[in-house]
Structures are given as structure tokens and as C-alpha cells.
Amino acid sequence: MTQTSDPIDYLHTRGTGALAEKMGIEFVEFSVDRSVARMPVEGNTQPAMLLHGGAYVVLGESLGSMAANLWAGAGKLAVGIEINATHTRSATSGWVTGVCTPIHLGRTLTTHEIAVTDDQGRRCSTIRITNLIKDRPAA
């Protein structure tokens, strides 16, 4: 696949999406081999004041889908076809950080794993996403 010469420029040009922005997701590092983003716990909690399980998944999908689209290259679009998450710890304050690494980078499918940790470096959630790469529709 062909990737852009400047992944950070690609990220700024494409944007991260309205949901990621509403949740306060900030990309820290972005490349085909490793992408990192963080998200505040505050504002993304469930009634019990724990980070909402769906918030972990939004962080994971934001990282995995953006990385898959970077891999796909110009004229292609990566769309999520499967995602799962295992939550192993609850974050109650501060920030969580997701580190996204590829498991498989193919011509038509990508699979990424995202490890989400709290401010103390303890794993809170493990997410796996598979994206289908297809031709970008004409505008």
C-alpha cells in the first residue's frame, strides 16, 4: 500500500471526526507502525463515575481506523467491519492512553490491537479492530 509522506499532516488534513473531538481525544503519535492517542476520563464516564466502556471502544476505533486509512493510501477507504474489547480495569480520573499496533496489514484487510492504560500505566482495556479496505467513492 502507499502511505502519505507525512502522517501527521494526513491526520490534520483528514481530521479525527466529530465524536473523537467531543470526547477530547488527542493524537500524540501517528504512523503505520504505531499510533498513540489519549482521552480524558472526565466527561466520558457512566453514572458510577467510571470511564464508560463504550468510551474505551471509541478511543480504540479512532486509533485503529485512522491507522488503517493511513495504510490504505490515496484513493482508498478503510471501514471498520469488526471490533471487540475486553475491559480489565476501571479508570476513574485523569487520562487513558491508547497504543495502537498492527497485527495484520493486508491489501484488503487490516487488524490492529489497541492497549489502553491509565495514568499509572495499568492496562484498562484491550481492543481489536478489523477494517476492510475498499475504493473511495467518487465525490
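**Notes on the predicted chain**

1. Charges up front: the 12 positive and 13 negative charges of the chain have mean positions 6 Å apart. Lys and Arg count as positive and Asp and Glu as negative, with His and the chain ends not counted. Each charge is placed at NZ of Lys, CZ of Arg, CG of Asp or CD of Glu.

2. Ground rules, before going on. This is a predicted model, so local features need pLDDT of at least 70 and side-chain atom pairs count only at pLDDT 80 or more, while totals for chains, interfaces and linings use all residues. Residues are numbered from 1 along each chain as its sequence is written, and side-chain values use heavy atoms, with hydrogens and water left out.

3. Layout. The chain has 3 helices and 6 strands (DSSP runs numbered from the N terminus: helices are H or I with at least four residues, strands are E with at least two). Read from the N terminus, the order is α-α-β-β-α-β-β-β-β.

4. Overall dimensions. The radius of gyration is 15 Å, which agrees with the value near 14 Å that a compact globule of 139 residues would have (taken over C-alpha atoms; the globule rule is 2.2 Å times the number of residues to the power 0.38). Along the principal axes, the C-alpha atoms fill a box of roughly 45 × 25 × 25 Å.

5. Surface and contacts. About 7200 Å² of the chain is exposed, and carbon and sulfur atoms supply 51% of that (Shrake-Rupley areas with a 1.4 Å probe; for residues, only the protein chains shown count as cover). Buried residues are 40% of the 139 (buried is under 20% relative accessible area, exposed over 50%, partly exposed in between; 1.4 Å probe, protein chains only). Of the contacts with a separation of 6 or more, 65% join residues 24 or more positions apart (contact: heavy atoms within 4.5 Å).

6. The core. The largest nonpolar core holds 33 residues, and those with the most contacts inside it are Ile25, Phe27, Met39, Leu51, Tyr56, Leu59 and Val96. Two or more residues each come from helix H1 (7–14), strand S1 (26–30), strand S2 (35–40), helix H3 (53–72), strand S4 (95–105), strand S5 (109–117) and strand S6 (123–135). H3 gives the largest share, 11 residues. For the record, such a core is a set of buried Ala, Val, Leu, Ile, Met, Phe, Trp, Tyr and Cys residues joined through side-chain atoms within 4.5 Å.

7. Phe27 is worth a click. Setting aside neighbours within four places in sequence, Phe27 is in contact with Leu11, Thr16, Val36, Ala37, Ser62, Leu63 and Met66.

8. Leu70, in helix H3, is buried at 2% relative accessible area. Its C-alpha is 7.2 Å from that of Pro7, with the two positions 63 residues apart along the chain.

9. Two residues in the loop between S2 and H3. Asn44 is found there and is buried, with a relative accessible area of 8%. Beyond residues up to four places away in sequence, Asn44 touches Met23, Met39, Leu50, Leu51, His52 and Ala55. Met49 is in that loop too, but counts as exposed at 52% relative accessibility. Have a look at the backbone of Met49: phi is positive, about 70°, although the residue is not a glycine. Most residues other than glycine have a negative phi.

10. Cys124 and Thr88. Cys124 sits in strand S6 and is buried, with a relative accessible area of 0%. Not counting residues up to four places away in sequence, the contacts of Cys124 are Tyr56, Thr86, His87, Thr88, Arg89, Ala91, Val116, Thr117 and Asp118. Leu51 is 73 residues away from Cys124 in sequence and 9.8 Å away in space, C-alpha to C-alpha. Thr88, in the loop between strand S3 (76–87) and S4, counts as exposed at 54% relative accessibility. With neighbours within four places in sequence left aside, Thr88 is in contact with Arg123, Cys124 and Ser125. Its C-alpha is 18 Å from that of Arg38, 50 residues apart along the chain.
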